[in-house]
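Please review the model below with its metal sites and helix packing in mind. A short report follows it.

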There are 2 protein chains.
Amino acid sequence: MWSKFKFRIRMLKPAQLIVLYYFIAISLSFILLRLPGVHQNEEYIPVIDSLFTAVSAVSVTGLTVISISEVYTTFGIVMIMLILQLGGIGIMSLGTFVWLLVGKKIGLRERQLIMIDHNQYNLSGVVKLIIDIIKILLLIEAVGALLLAVYFTQFYETFSEALLHGVFASVSATTNGGFDITGQSMLPYADDYFVQSITILLIILGAIGFPVLIELKQFLSNKDGAFRFSLFTKLTTITFGILLAVGTLMIFLMEFNNRFEGVSWHKALFYSLFQSTSTRSGGLVTLDVSSFTEPTQLVLSLLMFIGASPSSVGGGIRTTTLAIAVLFLIHFSKGNNQIQVFGREIHLIDVFRSYVVIILAALMSMASIITIMMLDSHDLMAVVFEVTSAFGTSGMSMGITPELSTPSKFIIMMLMFIGRVGLISFLFMIGGNNKKAKYHYPKERVIIG
Amino acid sequence: MWSKFKFRIRMLKPAQLIVLYYFIAISLSFILLRLPGVHQNEEYIPVIDSLFTAVSAVSVTGLTVISISEVYTTFGIVMIMLILQLGGIGIMSLGTFVWLLVGKKIGLRERQLIMIDHNQYNLSGVVKLIIDIIKILLLIEAVGALLLAVYFTQFYETFSEALLHGVFASVSATTNGGFDITGQSMLPYADDYFVQSITILLIILGAIGFPVLIELKQFLSNKDGAFRFSLFTKLTTITFGILLAVGTLMIFLMEFNNRFEGVSWHKALFYSLFQSTSTRSGGLVTLDVSSFTEPTQLVLSLLMFIGASPSSVGGGIRTTTLAIAVLFLIHFSKGNNQIQVFGREIHLIDVFRSYVVIILAALMSMASIITIMMLDSHDLMAVVFEVTSAFGTSGMSMGITPELSTPSKFIIMMLMFIGRVGLISFLFMIGGNNKKAKYHYPKERVIIG
Ligand SMILES: [K+]
Ligand SMILES: [K+]
């Protein structure tokens, strides 16, 4: 039985596996969202809207065409939480799983990184890994839910209501789901720095990338000091941090005399920090992003397009893709085709991959923007924002998504789906090895896309 | 004297040489445009506007902050024509010249391509080449001017007036200058398919790339049939043709039920063809592009961003950069890192260059768009259009350029300058050789950026 399953899995191309998983997950989620008792007052919800919600939840994006709090019952809300887990845990496990399946090309370090033995086809190792992922995610969610639920008791009459809101807020933040049951995202907590801080922390833990969490765990449990963080972890974490800081600073400065006029500096700072975190893929907001000026909205779009770390719950072109593009630009302008960073050399194949990801993502986003503009007469800024939000699986919105025509809804669904699985799986499917190149430094691979 | 000059030139980095040339050309042009008798009625023109016109003319872009026909005298118009020549011939000569200076890395084919002997430091060869370029351009312009001037006699009272209009139209088209002295670009000839056809032809001859013209000349004068077009010529010409056709088709289809409603099919087709040609870098228009729908304006922006062939009078990322990006995408998705096309293999360094050019161009354009949006409160679509028009040195306009603030005008000037010289010179300055890679196919270089 094991060996047969193992054989079947090995016969599937990694990309097919991921697409298959998400296809099944979306179908299942769609069925869950059409169950009796899911909708309030037996309200009629069009099939396309349930499908949209299913795709949005499985891809942990958070763009919605209907208000969750107005449409769904508590049962329905629990279903959405389940789907968010399916999406969040799914991509983390699958991303790593696929990494193992194509393990022939992966070096010793990476296999150490994901803590399984040298036989990368060992299914029990994979199962152990996936259980590890689920454990870590559930632990983070549980701690977040507990903190928020206890804190929320001051706002809600019953503990069960506070618990529901606490659990949902924690799950939505950790999986970077971006959904809300307040009916207005995090706007009610715009002055509550405690709730915001917890949420920011949960979003970051989800978006920073699973390998980073694993290495952090290894580092903390390693007493003899011999542990070395991988190039991937260094690169993605530093890029993540820079993006977070630059985003915060830019929002703060660009809205200083606009949206933040008359707002205290600390509130403006929290507004900036929270929205900057959300572009990494969180998707929750503490204010209406339509109230920002257009240059700020463009910056947010750019940040969402970049997205989160690979092997995380986030989307976009991913931090490492950006990092390699920028590093390549710097090195190439100095007459050097080889990127050396942190005493390591970036593999040529990863430079190629970053190129392909960026070109593909840009073409896809532009084609989507132009097509949606042709189908629906919306403001260019709003369309750019919604498209980058979908591709980056951020889920922040300028509010036009519910008004989109059905073909445009399908384009947004496709973007959420590809933003979630497409470029990763695409990259694992493509990209031959580069046997001919010779290198001076020890080589080390990083994940891209 | 020769040897001293030769030594000095060799000491300059190619990029410095190009920047130096354009700095001198702009300074000179600025002085020409401040000469007494240049302006009508001694009208006061702000210094910044003269500088803008100088930069726009030297970079043969054609964006203007003042109406040429309303501000300049015949003497001033002749000055502008001179400056257009300075810009158009300058970049063609310099682009090729620099190619020779870095000739150590250039193979036999390329040197044959530019028809000089094997000693690439031979200055008399360079001078001969530049004279060749000037001859070819002047010949094309003269033929165009003659045809147009004779035809224009039916519209103007005196022959000298018809001649002025004919010569200016021919120079503006061939150098892809995009300037007009009609006061309304080519709108008066919206129904005149003869003038449009001549103009389209002149624009294409200027934008197709000088090496292509040289090879075509070689091909036509070669009787024994042994001539083979270079990879560069094949790649750039085919890309140019595809862009022209796709642009025409998209404008036609996207405006079919919009701007072209009630317009005859042949007029709609000419509108589409003419505007598509103009995005390659011509810059002249037969209609107000503001009357197009936003999706079409986005397509035009994208086409302008791509621009014309390298070593031509056009700007943008250039046809070959796009071609290599797309070819790399296709080959890489098939698991092949090496691009094989027309029985040749694209050199790895050119793939790297195309990557750097695209990333740099995209970053620069986005930063410009965001900054101009912050400085001036203009419509996003119009800013995107104006920025891509400047970078692609197309010069088509949605009309906001004259209203821009001084800092924004400087950004547009910088874009025109970089679009003209920046990425070419940048690429010749940077980019080490890639000695380590081994290839199976005979290698052949193409120009990028
Ligand atoms: K999200
Ligand atoms: K032009």
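The text covers the overall fold, the two potassium sites, one helix pair across the chains, and some single residues.

This is a predicted model, in which local features need pLDDT of at least 70, side-chain atom pairs count only at pLDDT 80 or more, and totals for chains, interfaces and linings use all residues. Residues are numbered from 1 along each chain as its sequence is written, chains are lettered from A and ligands numbered from 1 in the order in which they are written, and side-chain values use heavy atoms, with hydrogens and water left out.

## Chain A overall

Chain A holds 17 helices and 3 strands. Helices (H or I, at least four residues) and strands (E, at least two) are DSSP runs, numbered from the N terminus. Of the 449 residues in chain A, 61% are buried. Buried means under 20% relative accessible area, exposed means over 50%, and partly exposed lies in between (1.4 Å probe, protein chains only). The accessible surface of chain A is about 17200 Å², and carbon and sulfur atoms account for 67% of that surface. Areas come from the Shrake-Rupley method with a 1.4 Å probe; for residues, only the protein chains shown count as cover. Take the contacts in chain A between residues at least 6 apart in sequence: 74% of them join residues at least 24 apart. Contact means heavy atoms within 4.5 Å.

## The potassium sites

Donors are N, O and S atoms within 2.8 Å of the metal (3.2 Å for Na, K and Ca); water is not among the atoms, so sites may look incomplete.

| Ion | Protein donors (atom O) | Distance | Angles |
|---|---|---|---|
| potassium ion (ligand 1) | Val60(A), Thr61(A), Asn176(A), Ser281(A), Thr393(A), Ser394(A) | 2.4 to 2.9 Å | 64 to 151° |
| potassium ion (ligand 2) | Val60(B), Thr61(B), Asn176(B), Ser281(B), Thr393(B), Ser394(B) | 2.4 to 2.9 Å | 64 to 152° |

The site of the potassium ion (ligand 1) is irregular. Its donor residues follow the spacing V-T-x114-N-x104-S-x111-T-S. One donor pair links distant parts of the chain: Val60(A) sits in the loop between α3 (47-58) and α4 (68-71) of chain A, and Ser281(A) in helix α12 (residues 265-282) of chain A, 221 residues apart. Both Val60(A) and Ser281(A) are buried.

Why is the arrangement around the potassium ion (ligand 2) irregular? Its 6 donor atoms subtend angles of 64 to 152°, which makes it so. Four donors count as tetrahedral if all angles lie between 85 and 135 degrees; four count as square planar and six as octahedral if opposite donors are over 155 degrees apart and all others between 65 and 115; anything else is irregular. The donor spacing for the potassium ion (ligand 2) reads V-T-x114-N-x104-S-x111-T-S. Asn176(B) lies in the loop between α8 (159-174) and α9 (193-207) of chain B, and Thr393(B) in the loop between α16 (380-391) and α17 (406-429) of chain B, so the pair ties together parts 217 residues apart in sequence. Asn176(B) is buried, at 0% relative accessible area. Thr393(B) is buried too, at 0% relative accessibility.

## A helix pair across the chains

Helix α13 (residues 294-306) of chain A meets helix α15 (residues 348-375) of chain B: their axes come within 8 Å and cross at roughly 155°. Axes are lines fitted to C-alpha atoms, for helices over the stretch in contact, and angles run from 0 to 180 degrees between N-to-C directions. The helices α13(A) and α15(B) are therefore roughly antiparallel, a label for angles over 145 degrees. From α13(A), the contact uses Glu294(A), Pro295(A), Leu298(A), Val299(A) and Leu302(A); from α15(B), it uses Met366(B), Ile369(B), Ile370(B), Met373(B) and Met374(B).

## Single residues

Thr199(A) is in helix α9 (residues 193-207) of chain A. Thr199(A) is buried, at 3% relative accessibility. Beyond neighbours within four places in sequence, Thr199(A) contacts Ala173(A), Met186(A), Phe274(A) and Leu284(A).

Lys234(B) belongs to helix α11 (residues 231-254) of chain B. At 24% relative accessibility, Lys234(B) is partly exposed. Lys234(B) and Val341(B) are 107 residues apart in sequence, with C-alpha atoms 9.8 Å apart.

Helix α12 (residues 265-282) of chain B is mostly covered, with 14 of its 18 residues buried. Gly283(B) follows α12(B) and has a positive phi, near 85°.

Thr401(B) lies in the loop between α16 and α17 of chain B. Thr401(B) is buried, at 1% relative accessibility. Residues touching Thr401(B) include Phe52(B), Glu386(B) and Lys409(B).

Definitions and conventions
Angles under 35 degrees count as roughly parallel, over 145 as roughly antiparallel, 65 to 115 as roughly perpendicular and the rest as oblique.
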